[in-house]
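Me: I should like to learn how to read a protein surface that lies against DNA. Please begin with the terms.

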There are 2 protein chains.
Amino acid sequence: MAKQGREYGGALDQLLELTMLLSADMERGLGELGLTGPRTHLLWVVHHQGPSTQRVLADALGVSARNITGLVDALVDTGFVTREPHPTDRRATLVSLTKHGATVMTQMAADHAELAEGLFGGLGPRQFGAFVTTMTTVLDELRRRVEEAR
Amino acid sequence: MAKQGREYGGALDQLLELTMLLSADMERGLGELGLTGPRTHLLWVVHHQGPSTQRVLADALGVSARNITGLVDALVDTGFVTREPHPTDRRATLVSLTKHGATVMTQMAADHAELAEGLFGGLGPRQFGAFVTTMTTVLDELRRRVEEAR
DNA sequence: CTACATAGTGAAGTATCATCACGATATGGC
DNA sequence: GCCATATCGTGATGATACTTCACTATGTAG
């Protein structure tokens with residue numbers, strides 16, 4: 001109960017540092033494919049949710065709808081996605097992965113798992129479980145605080 | 001030992017989500033002060049390390065030296081830092097916090113601690129200790145992997 | 001059919017990054 | 001002292017990612 005502020009701050013600092021390193025590691029090698037952070041994020045959403053309208057992508061990425069246009073443009077130019085008319089709503093377009101895009105995202109998911117194995121593989125089951133449990137608690141608390149700040 | 005890939009992936013996803021929420025929460029309210037992410041990061045470095053040359057700041061922020069010029073320009077304009085000639089190296093300039101900058105950063109450190117209290121305050125000492133220990137292990141492993149990838 | 005909401009884009013602007021070139025200054029070897 | 005070389009900061013230029021406002025085309029509710 002009597003944990004000191006400095007202890008907390010150190011934990012937060014480490015979380016932030018881990019974050020930055022994670023981002024750097026995840027983005028390594030994507031530049032050669034022309035995949036920047038937001039573009040990769042967009043591909044990730046399409047990979048997980050299937051063909052999506054740009055409105056949906058804007059909400060998923062947390063940016064304005066206007067911004068999605070340019071991201072999709074770039075991904076169409078580099079052959080990762082296609083734009084097709086929405087079957088029922090003629091205002092909307094559906095963004096889908098091309099074969100190339102699907103291949104790249106499948107590989108990325110594999111790399112993702114391999115990175116996780118490298119990170120957590122050295123931990124015993126109990127350590128790993130405690131880590132995930134605590135992280136989940138912290139995440140829930142943070143999400144609650146973020147929500148109530150709106 | 002036989003943890004599954006999906007477990008790992010979930011932990012990583014949560015880490016990334018926590019990251020994003022943390023960033024959003026940390027930046028809340030800074031916009032009113034004209035403090036964007038990189039500018040805040042720069043202030044943070046100066047606050048912790050004292051007056052620094054732009055070269056040092058570039059390395060600390062992980063961006064090109066050229067980029068620091070504009071960030072410092074903006075922070076000088078808004079009164080957070082000053083540029084002074086380096087006492088011994090006439091090529092270099094020293095970036096220091098103004099009184100205003102120091103006040104803001106002290107407040108930010110307090111907010112930081114308060115956020116951490118909100119996040120970790122609900123955890124028992126044992127949970128908290130296990131979390132920090134495991135996070136440190138993961139962080140070290142990640143740092144090792146990032147280093148060897150260079 | 002009219003009023004209003006929504007999907008996507010053009011125009012214009014801002015912030016953060018990069019590389020290349022350059023002048024000013026340090027520094028080490030002679 | 002002198003010269004080659006490295007380093008510090010910045011001007012010029014461009015890419016990427018974001019914004020808001022205005023607009024067209026389309027859907028939807030009354």
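Reply: Ala, Val, Leu, Ile, Met, Phe, Trp, Tyr, Cys and Pro count as nonpolar, Asp, Glu, Lys and Arg as charged, and the others, Gly among them, as polar. A residue is near a strand if one of its heavy atoms lies within 4 Å of it. This is a predicted model, in which local features need pLDDT of at least 70, side-chain atom pairs count only at pLDDT 80 or more, and totals for chains, interfaces and linings use all residues. Residues are numbered from 1 along each chain as its sequence is written, chains are lettered from A and ligands numbered from 1 in the order in which they are written, and side-chain values use heavy atoms, without hydrogens and water.

Me: How many nonpolar, polar and charged residues form the surface near DNA strand C?

Reply: That surface has 4 nonpolar, 8 polar and 9 charged residues. Among the closest of the 21 residues around DNA strand C are Arg55(A) and Thr36(B).

Me: Which polar contacts are made with DNA strand C?

Reply: A polar contact is a pair of N or O atoms within 3.5 Å; within protein, one must be able to donate a hydrogen and the other to accept it, and residues adjacent in sequence count only if both atoms are side-chain atoms. Here, a polar side-chain atom of Thr69(A) lies 2.8 Å from a phosphate oxygen of DNA strand C. A backbone N or O atom of Arg90(B) is 2.5 Å from a phosphate oxygen of the strand, and a side-chain N or O atom of Arg91(A) is 2.7 Å from a base oxygen.
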